[in-house]
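The following exercises are to be worked through with the sequence and the model at hand. Each task is followed by a solution in steps.

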Amino acid sequence: MESPINNSPEKTIAENQFLVIFGSTGDLTGRKLLPALFRLYINHLLPQHFVILGTGRKDLTNEAYHDHVKEVLNRFIPSMEEKETTLIPGFLDLIYYQHVNNKEQADFEGLKNRIYTLSKEKGISPNIIFYFSIPPFLYETVAANLIAYGLHEEKDGWRRIIVEKPFGYSYETAVELDRKLHAGFEEHQIYRIDHYLGKETVQNIMVTRFANGFFEPIWDRKFIDRIEITAAEKIGVENRGGYYETAGALRDMVQNHLLEVLAVIAMEPPVVFDSQSIRNETVKVLQALRPLSAEEVASNVIRGQYIETAAEGKILKGYREEKDVSPDSKTETFVALKVFIDNWRWSDIPFYIRTGKQLPEQVTEVVIHLKPAPHQLFKELCACQPTNMIILRIQPDAGIAIDFGMKVPGEGYKVQNVNMAFHYADLATKEIPDAYERLLLDCMFGDATLFARDDAVKASWKFVDKILNAWKEDPEIPLYFYECNAWGPVEVRQLFEDPSQDWKPPYINL
């Protein structure tokens, strides 16, 4: 069943169901899930009969939980209009609360009874999504407790679980977690969420490429010189030092978000545009990633860590001075790597990936560098280095730009690079939906297109594990330091074999 946001004009409302949120008073639920659900509610996209059942260790009444919901909606939707505020009471009518200690199996009997009581009262079939908005170490515990009370069985309605990243901390732990979830849940019931894939502009990459005759013919090694994928953050780790110490930039961003974006960029055209076919093609890309040997990691991967920096009259803390961070930590806050996809389309074309914290800009984008024209007639007349680029901006100011050479007005043939851009917001007749709105709605419809499949997760971990193991086993592989507001350590340029090449110049904006 396809999501109405995708391409299903004949059915725009999902069937009646429950959404059970574990960790319903936590940060993710407050910042993302409840605002997304409220937006779906005011846009009339929720099922006609729908129950949100929050669970948690706190012993709250429905009314007390409603007060919490109102508080987080007002805090995390600051631009809420007055007419939207008047809809909050109707939204609260959908919400209930049940005390559940995730580690106490007996509490899940009470959860089951509450679901079936509400099912009878509301006349709703027990179709249920269980959202794991909880720390990853609790995933298998909660899954086992659901299984113990038969809440995974689909005898009287379907059952689905949504699992947040990280899905494991290594290939082995991912396989083990997968095995424990599959002890009761089938693969079609497991939705591994990656909010990057829920972003409208990531999905638009497929449309840009496959719907336009002037893009797809050049989307291969014959015309493309290299591809960059950047996810830069202006902030540091803030109060997430404890988590970041166990993750680092490679686990936190590359293993899931950026390898998934790479797979969307590099995939073959699916035979049909459905969930299974699209995910089949993205998995093939991840399985075709050329593994890095321990020796290659030192030259193909650059890791860095931001240090204390004086900027704009104030001192910006270094990573090792952040809360819950070891004073001699070797955790990377920046990573850049050069990877290759060993298949017919992309043979020997480098993909450069970089991500980091405390960088100059907050930006996520894909830059496709085209090969130069075979004969450079105007090379000596160019005002700057001649470039042809397709820039796919994911955030902020989402859109697409093409950078190419044009003649400067006047006599002669002096050439200058110009930028032709389209802003995605110009196409929208209403506010662009948040990633969580899209993904929640897709799960309600049973559309898994934008969720990671088990074989994709395993393939990405196989690739990343070799890098993590090389860092662990070889202390001689350097950790470079960089100042805040710099584009990572200066050594990052070592990834380019051609000294004339570099990352996309920062002056090119959409």
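**Exercise 1. Determine how Arg179 and Glu176 are placed relative to each other in helix 7, and describe the contact of their side chains.**

Solution. Step 1: Arg179 and Glu176 are three residues apart in helix 7, so about one helical turn separates them. Step 2: in this predicted model, their side chains meet in a salt bridge, with an N to O distance of 2.6 Å. This value lies within the 4 Å that the assignment of a salt bridge requires. Step 3: Glu176 has a relative accessibility of 32% and therefore counts as partly exposed.

**Exercise 2. Classify the partners in the salt bridges Lys155 to Glu153 and Asp455 to Arg453 by exposure, and then identify the network to which Arg179 belongs.**

Solution. Step 1: side chains of opposite charge can pair when their charged atoms come close. Step 2: in the bridge between Lys155 and Glu153, the closest N and O atoms are 3.3 Å apart. Lys155, at 72% relative accessibility, is exposed, whereas Glu153, at 31%, is partly exposed. Step 3: Asp455 and Arg453 meet with an N to O distance of 3.0 Å. Asp455 has a relative accessible area of 24% and is partly exposed. Arg453 reaches 10% and is therefore buried, since the class requires a value under 20%. Step 4: a network of salt bridges with shared partners joins Glu140, Glu176, Arg179 and Lys180. Step 5: the count of salt bridges in the model comes to 27.

**Exercise 3. Establish the strand order of the seven-stranded open sheet and identify the strands at its edges.**

Solution. Step 1: the seven strands follow the order 3-2-1-4-5-6-17, and their pairing is mixed. Step 2: strand 3 and strand 17 (451-452) each have a single partner strand, so they stand at the edges and one side of each is left without a neighbour in the sheet. Step 3: strand 1 (residues 17-22) pairs with strand 2 in the parallel sense over six bridges. In this pairing, Phe22 stands opposite Thr55 of strand 2. Step 4: strand 2 (residues 50-56) and strand 3 also run parallel and are joined by five bridges. Here Gly54 has Tyr97 of strand 3 opposite.

Step 5: is the edge strand 3 mostly covered or uncovered? Of the five residues in strand 3 (residues 95-99), four are buried, and the strand is mostly covered.

**Exercise 4. Locate the cis peptide bonds before Pro166 and Pro396, together with the positive phi values of Asp397 and Asn485.**

Solution. Step 1: most residues other than glycine have a negative phi, and most peptide bonds are trans. Step 2: the bond between Lys165 and Pro166 is cis, with omega about 5°. Pro166 belongs to the loop between strand 5 (159-163) and helix 7 (171-181). Step 3: Gln395 and Pro396 are likewise joined by a cis peptide bond, with omega about -15°. Pro396 is located in the loop between strand 14 (389-395) and strand 15 (399-407).

Step 4: the loop between strand 14 and strand 15 also holds Asp397. Although not a glycine, Asp397 has a positive phi of about 50°. Its relative accessible area is 40%, so Asp397 is partly exposed. Step 5: Asn485, in the segment after strand 18, has a positive phi near 70°. With 34% relative accessibility, Asn485 counts as partly exposed.

**Exercise 5. Identify the residues of the negative surface patch that includes Glu476, and examine the spatial relation of Lys466 to Ser293.**

Solution. Step 1: the patch is formed by Glu295, Glu296, Glu473, Asp474 and Glu476. Step 2: Glu476 is placed in the loop between helix 13 (454-473) and strand 18 (480-483). Its relative accessible area is 67%, and Glu476 is therefore exposed.

Step 3: Lys466 is found in helix 13 and is partly exposed, with a relative accessible area of 40%. Step 4: how far apart in sequence and in space are Lys466 and Ser293? They are separated by 173 residues in sequence, while their C-alpha atoms are 7.1 Å apart.

Technical notes: Residues numbered from 1 in each chain as written. Predicted model: local features only at pLDDT ≥ 70, side-chain atom pairs only at ≥ 80, totals over all residues. Heavy atoms only, no water. Patch = residues over 30% accessible without salt bridge, like charges linked within 9 Å, V, L, I, M, F, W, Y side chains within 5 Å. Areas by Shrake-Rupley, 256 points an atom, 1.4 Å probe, with all protein chains shown as cover. Lys, Arg positive; Asp, Glu negative; His and termini not counted. Charge placed at Lys NZ, Arg CZ, Asp CG, Glu CD. Helix = DSSP H or I, 4+ residues; strand = E, 2+ residues; numbered from the N terminus. Buried < 20%, exposed > 50% of the residue type's maximum accessible area, 1.4 Å probe, protein only. Pairing = 2+ DSSP bridges.
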